[in-house]
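Subject: The structure, and what turned up in it

Hi there,

Here is the structure I promised to pass on to you. Have a look at it first, and then read on for my notes.

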Amino acid sequence: MGAFATIDGKYIRPLYAASYLRIENEEAAFIEANSGSTVPALLEALRDHGMRPEQVRLFLVTHAHLDHIGGASALMKACPNATLYAHPRATRHLIDPARLVASAMEVYGREKFLELYGEVSPIPASRVKELEDGATVALGKAVFQVWHTPGHAKHHFVIHDFARNSVFTGDTLGLVYPRLQRGGRFAIASTSPIDFDGEAALKSIEKILSLKTSTVIPTHFGAYADGDVIGSQIRGWIEYALALTERSKRAGPPDLKAWFKEELRAELQRHADRNSTRLEPGDWEHLALDLELNAQGLAFAATRPPKARG
């Protein structure tokens with residue numbers, strides 16, 4: 001069933017964001033490329049498996065957030081025979097990343113952006129392909145099937161690897177950081193801005209669990225055999241986020257993001273207590289960015305006009 005490797009991109013800090021290498025019948029595929037600085041590690045992993053960049057045929061990204069595509073242009077330059085596959089809503093950001101880059105630079109500033117991601121360049125349209133819901137793509141004799149899973153982002157899909165009975169879940173099945181797996185399983189949802197849709201996220205979780213794979217592989221971070229447990233925890237987080245969003249509308253706090261951040265921090269502590277995990281100062285540092293982004297995402301969702309029904 002071919003080779004598989006988890007590659008630590010060391011994006012922000014170790015064991016925070018991963019990319020994955022799949023090899024089948026002398027062909028290679030990468031899933032995710034966290035930033036430009038992670039590409040040397042990806043190519044080193046390729047060499048360690050006796051493969052050359054020319055043998056990379058596929059590069060798949062689960063969605064077009066920069067911690068998943070930051071290294072895409074650099075990786076495509078290094079792998080001349082690779083085709084990049086993405087959700088139809090994501091491909092335009094890969095072909096022309098100017099809006100993504102400008103938005104991120106507003107948040108981080110140019111110097112910090114370049115430190116995190118490096119140069120994010122356009123990728124020729126001829127090398128970028130869309131995958132519709134349920135579409136398949138082959139790697140040697142292996143077959144990958146993608147399923148669109150909105151909720152975390154409108155342009156998200158997961159990748160079902162039939163040969164290994166695994167599914168690469170991107171951020172749809174949450175964040176499962178290795179350093180927090182000291183007690184029971186510790187998984188949290190990602191409700192980052194600006195596309196978070198709790199109702200869609202719940203349906204996407206059920207879609208992943210319906211695949212009944214032996215392994216789930218979130219980008220953050222690694223492969224796990226207890227997808228049902230992770231799915232149950234993420235479902236609980238999403239339901240909590242939906243209820244919290246409704247409560248915020250009744251409470252009307254003056255600083256909505258700060259209110260969400262305080263509530264989410266308290267829920268993280270309760271989640272740790274339920275799962276026999278004593279959170280240490282380093283753990284809170286590890287979770288700081290997600291706490292900030294999740295609060296931003298829920299604050300945005302709370303002020304978004306309701307979806308039209310009919």
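Below is what I found, going from the core to the helices and then to some single residues.

Please keep in mind that this is a predicted model.

**The core**

Let me begin with the inside. The largest nonpolar core has 81 residues. Leu21, Phe30, Phe59, Leu75, Leu84 and Phe260 are the ones with the most contacts inside it. Helix 10, residues 281-303, provides the largest share of this core, with 8 residues. Another core lies apart from it and has 17 residues, including Ala29, Leu139, Ile217 and Phe221. As general background, nonpolar side chains in soluble globular proteins tend to be buried together.

Phe260 is a good place to zoom in. Leaving aside residues up to four places away in sequence, Phe260 touches Leu244, Thr245, Ser248, Ala295, Leu298, Ala299 and Ala302.

**Helix 9**

Phe260 is also one of the buried residues of helix 9. The others are Leu256, Trp259, Glu263, Leu264, Glu267, Leu268, His271 and Ala272. What do these buried residues of helix 9 pack against? Their partners are helix 8 (227-251) and helix 10.

The length of helix 9 makes a nice check. This helix runs over residues 256-274, which is 19 residues, and at 1.5 Å a residue it should span 27 Å. Its end C-alpha atoms are 27 Å apart, so the two values agree. After helix 9 comes Ser276, with a positive phi near 55°.

**Helix 7 against helix 8**

The next pair to look at is helix 7 (residues 198-210) with helix 8. They pack at an angle of about 170°, and their axes are 10 Å apart. An angle over 145 degrees counts as roughly antiparallel, so helix 7 is roughly antiparallel to helix 8.

If you want to display the contact, these are the residues to select:

- From helix 7: Gly198, Glu199, Ala201, Leu202, Ile205, Glu206 and Leu209.
- From helix 8: Gly227, Asp228, Gly231, Ile234, Arg235, Ile238, Glu239 and Leu242.

By type, the residues of this contact divide into 7 nonpolar, 3 polar and 5 charged.

Ser232 also lies in helix 8. Its relative accessible area is 39%, so Ser232 is partly exposed. Ser232 and Leu209 are 23 residues apart along the chain, and their C-alpha atoms are separated by 9.6 Å.

**Two buried residues**

Cys79 sits in the loop between helix 3 (72-78) and strand 5 (83-86). Is Cys79 buried or exposed? Its relative accessibility is 0%, so Cys79 counts as buried. Beyond residues up to four places away in sequence, Cys79 touches Leu43, Pro53, Val56 and Arg127. From Cys79 to Asn25 the C-alpha distance is 17 Å, with their positions 54 residues apart in sequence.

Thr169 belongs to strand 10, residues 166-170. With a relative accessible area of 0%, Thr169 is buried too. Again not counting residues up to four places away in sequence, Thr169 touches His156, Val158, Ile208, Val216, Ile217 and Pro218. Ile217 is a residue you have met already, as a member of the 17-residue core.

**Backbone oddities**

A reminder before this last part: most residues other than glycine have a negative phi, and most peptide bonds are trans. Here are the exceptions I noted.

Where are the cis peptide bonds? One joins Pro193 and Ile194, with omega about 5°. Ile194 lies in the loop between strand 10 and helix 7. Another joins His220 and Phe221, with omega about 15°. Phe221 is in the loop between strand 11 (215-218) and helix 8, and it is among the residues of the 17-residue core.

Then there are two glutamates with a positive phi. Glu26 has a phi near 65° and lies in the loop between strand 2 (18-24) and strand 3 (27-31). Glu32 has a phi of about 75° and is found in the loop between strand 3 and helix 1 (39-48). Their surroundings are worth setting side by side: Glu26 is exposed, with a relative accessible area of 57%, whereas Glu32 is buried at 0%.

Happy browsing, and write back with any questions!

Best wishes

Terms used
Residues are numbered from 1 along each chain as its sequence is written. This is a predicted model: local features need pLDDT of at least 70, side-chain atom pairs count only at pLDDT 80 or more; totals for chains, interfaces and linings use all residues. Side-chain values use heavy atoms; hydrogens and water are left out. A nonpolar core is a set of buried Ala, Val, Leu, Ile, Met, Phe, Trp, Tyr and Cys residues joined through side-chain atoms within 4.5 Å. Buried means under 20% relative accessible area, exposed over 50%, partly exposed in between (1.4 Å probe, protein chains only). Helices (H or I, at least four residues) and strands (E, at least two) are DSSP runs, numbered from the N terminus. Contact means heavy atoms within 4.5 Å. The expected span of a helix is 1.5 Å times one less than its number of residues. Axes are lines fitted to C-alpha atoms, for helices over the stretch in contact, and angles run from 0 to 180 degrees between N-to-C directions. Angles under 35 degrees count as roughly parallel, over 145 as roughly antiparallel, 65 to 115 as roughly perpendicular and the rest as oblique. Ala, Val, Leu, Ile, Met, Phe, Trp, Tyr, Cys and Pro count as nonpolar, Asp, Glu, Lys and Arg as charged, and the others, Gly among them, as polar.
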